[in-house]
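This report sets out the architecture of one protein, from its overall dimensions to individual residues. Please consult the sequence and the structure while reading.

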Amino acid sequence: MDTPWLDLDLHRLELRFAGARLVEPRAVERLARSIEHGGQIVPCIAVSDPPAEAFGGGERLVLIDGYRRVAALRRLGRDTARVECWRCDLTEGLLGVLARAHMRSFAAIEEALLVRELVQGLGLSQHEIARRCGRDVSWVSRRLQLLSALPDAALVGVREGRLSSWAASRVVAPLARANAEHADRLLQALSGAPLSTRELRCWFEHYQGASRATRERLVSHPQLFVQAR
């Protein structure tokens, strides 16, 4: 594809998929320092929706990759971003981002949210997604299963940086499959006093081997367990 790089005003970028990206303040801060010293090296990626014949006019562009870069630029008070404009439709653009995931470290939940958008928002089948982004169907299925197993509160916690994606997929998701009530109570307790990923891993190992009565105490007061340890 002919993919021109343009310096565009940030207000022209529609952040339609911000909900499919994790909010990571430390990563944004590191990126802002890098841009301040060396400029924006890697361009953002956007497509016009509907597709445009040419770029540089008044068309609105949907940002499909580069949300942290935009956040870092705004943190620095910049009002423009270097953008690689793909000449394709929105579906092809999202598939292209997933196909290039080896070039960018997406969290599994970010991939899952993009896959769900392709299925529910754009009407693609799991087989079509797998074929068009160079994955197998089992990968697509696992990403969708990850979301279906997670309570909404867990997704919000991951996006806001209060819960790591590892803890969401390795602790909250299996707990929700086994006991949805316990998962909800754990998330409620963590909303007021979060635990680190290491603490949650230790907590879950103890939970799995505990009696029913002990499990009730563990989900209600996870912080007390950590303090006791």
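Among contacts in the protein between residues at least 6 apart in sequence, what percentage join residues at least 24 apart? The share is 73%, where a contact means heavy atoms within 4.5 Å.

This is a predicted model, in which local features need pLDDT of at least 70 and side-chain atom pairs count only at pLDDT 80 or more, while totals for chains, interfaces and linings use all residues. Residues are numbered from 1 along each chain as its sequence is written, and side-chain values use heavy atoms, with hydrogens and water left out.

**Overall features**

The protein contains 12 helices and five strands; these are DSSP runs numbered from the N terminus, with helices being H or I of at least four residues and strands being E of at least two. Along the principal axes, the C-alpha atoms fill a box of roughly 65 × 45 × 25 Å. Of the 229 residues, 44% are buried, a term that stands for under 20% relative accessible area, with exposed meaning over 50% and partly exposed in between (1.4 Å probe, protein chains only). The accessible surface comes to about 12000 Å², and carbon and sulfur atoms account for 47% of this surface. Accessible areas come from the Shrake-Rupley method with a 1.4 Å probe, and for residues only the protein chains shown count as cover.

There are 33 positive and 27 negative side chains, and the centres of the two sets are 7 Å apart. Lys and Arg count as positive and Asp and Glu as negative, whereas His and the chain ends are not counted. Each charge is placed at NZ of Lys, CZ of Arg, CG of Asp or CD of Glu.

**The sheet**

The five strands form an open sheet with mixed pairing, in the order β1-β5-β3-β4-β2. Strands β1 and β2 (13-14) stand at the edges with a single partner strand each, so one side of each has no neighbour in the sheet. Two strands pair if DSSP finds at least two bridges between them. The pairings are listed below, each with one bridge.

| Strand pair | Sense | Bridges | One bridge pair |
|---|---|---|---|
| β1 (residues 5-9) and β5 | antiparallel | five | D7 and R82 |
| β3 (residues 44-48) and β5 | parallel | four | I45 and E84 |
| β3 and β4 | antiparallel | four | A46 and L63 |
| β2 and β4 | parallel | two | L13 and L61 |

Strand β5 (residues 80-86) is largely enclosed by the rest of the structure, because five of its seven residues are buried. Strand β3 is mostly covered, with five of its five residues buried. In a regular strand, side chains alternate between the two faces of the sheet. In β3, C44, A46 and S48 point one way and I45 and V47 the other way, and all are buried. V47 stands opposite W86 in β5.

Strand β4 (residues 61-65) includes D65. This residue is buried, with a relative accessible area of 8%. The D65 side chain makes a polar contact of 3.3 Å with the side chain of R69. A polar contact is a pair of N or O atoms within 3.5 Å; within protein, one must be able to donate a hydrogen and the other to accept it, and residues adjacent in sequence count only if both atoms are side-chain atoms.

**Helix α3**

Helix α3 (residues 90-99) is mostly covered, as eight of its 10 residues are buried. The buried positions are L90, T91, G93, L94, L95, G96, V97 and L98. They pack against β3, β4 and β5, and also against α4 (108-121), α5 (126-132) and α6 (137-149). At the N-terminal end, D89 caps α3, with a side-chain oxygen 3.3 Å from the backbone nitrogen of T91.

**F204 in helix α10**

Is F204, in helix α10, buried or exposed? F204 lies in α10 (residues 197-208) and is buried, with a relative accessible area of 10%. Leaving aside neighbours within four places in sequence, F204 is in contact with R170, V171, P174 and L175. The C-alpha atoms of F204 and L218 are separated by 9.2 Å, and the two residues are 14 residues apart along the chain.
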